[in-house]
Amino acid sequence: MTNNEIVAKLWNLCNVLRDDGITYHQYVTELTYILFLKMAKETDSEKGIPEKYRWDALKSKDGLELKKYYEELLRVLGEECTGRIQEIYNGARSNIEEPANLKKIITNIDGLDWYSAKEEGLGNLYEGLLEKNANEKKSGAGQYFTPRVLIDVMTELIVPQAGEKCNDPACGTFGFMIAADTYVKAHTNDLFDLDEEQQKFQKYEAFTGGELVHETHRLALMNAMLHDIEGKIYLCDTLSNQGKAMNGFDVVLTNPPFGTKKGGERATRDDFTFTTSNKQLNFLQHIYRSLKTDGKARAAVVLPDNVLFADGDGERIREDLMNKCNLHTVLRLPTGIFYAQGVKTNVLFFTRGTSDHNNTNEVWFYDLRTNMPSFGKTNPLKAEHFDDFKKAYTASDRHSIKDERWSVYTYDQISEEGKNHSLDLGLIRDDSVLDYNDLPDPIESGEECIAQLEEAVDLLQSVVKELKSLESKEA
């Protein structure tokens, strides 16, 4: 049985809970509580779990006894255990009211092909479950999930290295950091090239994140654990003073939440130069300030179009970004690849300079949006859609790339008076939109029509005259 088949079986168990009024997102959280115990048994890592609350004890219970025991288990693991176990179960409570439903889920999980699951990787199984949840519109979880193909492309182009500190300040279910860890392992012989101290760094310090939503934070912890990552994942609001602790990074990969703070509130960070209620602009400030000033620290960030052209603080933040960093590339993403279909997004790639001034000389744009197919569930974004962009991005001489989607603007052009430091640039001609500049000039067209009419009238008059002449001859 493949992981995809196991994920499908686990997902179908959600139907068992419909009568309990469980939402898809609650179901995945509930599964996390139960799967943790089963996976701990399968991987011989039950040491930190009190024997009384391990998998074998859970599956032996039934009826009301099971319900009471399960509630007690959640409380004990969240309050009396330590480390990641305590973090995962902190504040946990069950939404399952019917003991028979709980028993059915436990029994079905126990009967799955765990040998195959371990062969394919338990982390991959869990990520498959998270992706299933994100793709289910009714779950409302799509906001936490960036398309896997986009995560992989951003990670590949940022090139995280062993020994570097990587962070996602709005980590959702920790997908970017898991991709970064996978990339590093793939390029360091699965860490066997590293000594014991370096391996310890990779496991405990290399990959960190922050997440505001408690239930999503729980999923991130579980996801990280199943990928053998034990870096700190803060349960915090990055845009509050809690976020000040997240700094000194070599790499940032992230897709921060869109929108404004409730009630138009401004970020409560007291170290931001520019105060705005726009969350994306605040996250952008946080990100470039959190990078090391060594000329090598870099970031790839998904941001909506409004960040590229917003006035006021938006302009000042873009100017500050281009001063402090080399903003070398902007990828204009296709529409329809995120949960909110109408949202237009971009990826900004930049490197923090060693000084705070004059780090951006030119910005390259790649338009992967215009004249592209409509993406969605039936036509998903694929890796090959990024091939030409990757070729342009990695070219030793970017000016040598001949691609209509690839264009460049100097900083002087962007900062020209009246241009607002706008980065809403690089979009090519849209073939689906009628360009009125291509239509003939209405005045010239009118004059031409009149001339043609006059010619036609003259011709008719000459025909009439000829006919009258013929009539008079016949008479």
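Is Asn-371 buried or partly exposed, and what is its relative accessible area? In this predicted model, Asn-371 has a relative accessible area of 32% and is partly exposed. The value falls between the cut-offs of 20% for buried and 50% for exposed, which is why the residue is placed in the middle class. Asn-371 lies in a loop. That loop runs between strand S8 (362-367) and helix H16 (387-393). The backbone of Asn-371 has a phi near 55°, a positive value in a residue other than glycine. Most residues other than glycine have a negative phi.

Asn-420 also has a positive phi, near 65°. Asn-420 sits in the loop between helix H17 (411-415) and helix H18 (442-474). Its surroundings leave a relative accessible area of 17%. Asn-420 is therefore buried, since the cut-off is under 20%.

Two further buried residues make polar contacts through their side chains. Asp-320 belongs to helix H15 (residues 313-324). With a relative accessible area of 13%, Asp-320 is buried. The side chain of Asp-320 meets that of Tyr-288 in a polar contact of 2.7 Å. Ser-240 is placed in a loop, between strand S3 (233-235) and strand S4 (251-254). Its relative accessible area is 12%, so Ser-240 counts as buried. Here the partner is a backbone atom: the Ser-240 side chain reaches the backbone oxygen of Asp-237 at 2.7 Å.

Val-159 lies in the loop that links helix H9 (148-158) to strand S1 (166-168). Its relative accessibility is 31%, and Val-159 is therefore partly exposed. In sequence, Val-159 and Val-184 are 25 residues apart. In space, their C-alpha atoms are 8.2 Å apart.

A charged feature appears on the surface. Asp-195, Glu-196, Glu-197 and Glu-205 form a negative surface patch. Glu-197, one of these residues, is found in helix H11 (residues 196-204). The relative accessible area of Glu-197 is 59%. Glu-197 is classed as exposed because this value is over 50%. Membership of the patch requires over 30% relative accessible area and no salt bridge.

Burial thus separates the two asparagines with positive phi: Asn-371 is partly exposed, whereas Asn-420 is buried. Acidic side chains also occur in both settings. Glu-197 is exposed in helix H11, while Asp-320 is buried in helix H15.

Key
Residues numbered from 1 in each chain as written. Predicted model: local features only at pLDDT ≥ 70, side-chain atom pairs only at ≥ 80, totals over all residues. Heavy atoms only, no water. Patch = residues over 30% accessible without salt bridge, like charges linked within 9 Å, V, L, I, M, F, W, Y side chains within 5 Å. Areas by Shrake-Rupley, 256 points an atom, 1.4 Å probe, with all protein chains shown as cover. Salt bridge = Lys/Arg side-chain N within 4 Å of Asp/Glu carboxyl O. Lys, Arg positive; Asp, Glu negative; His and termini not counted. Charge placed at Lys NZ, Arg CZ, Asp CG, Glu CD. Helix = DSSP H or I, 4+ residues; strand = E, 2+ residues; numbered from the N terminus. Buried < 20%, exposed > 50% of the residue type's maximum accessible area, 1.4 Å probe, protein only. Polar contact = N/O pair within 3.5 Å; in protein donor to acceptor, adjacent residues only side chain to side chain.
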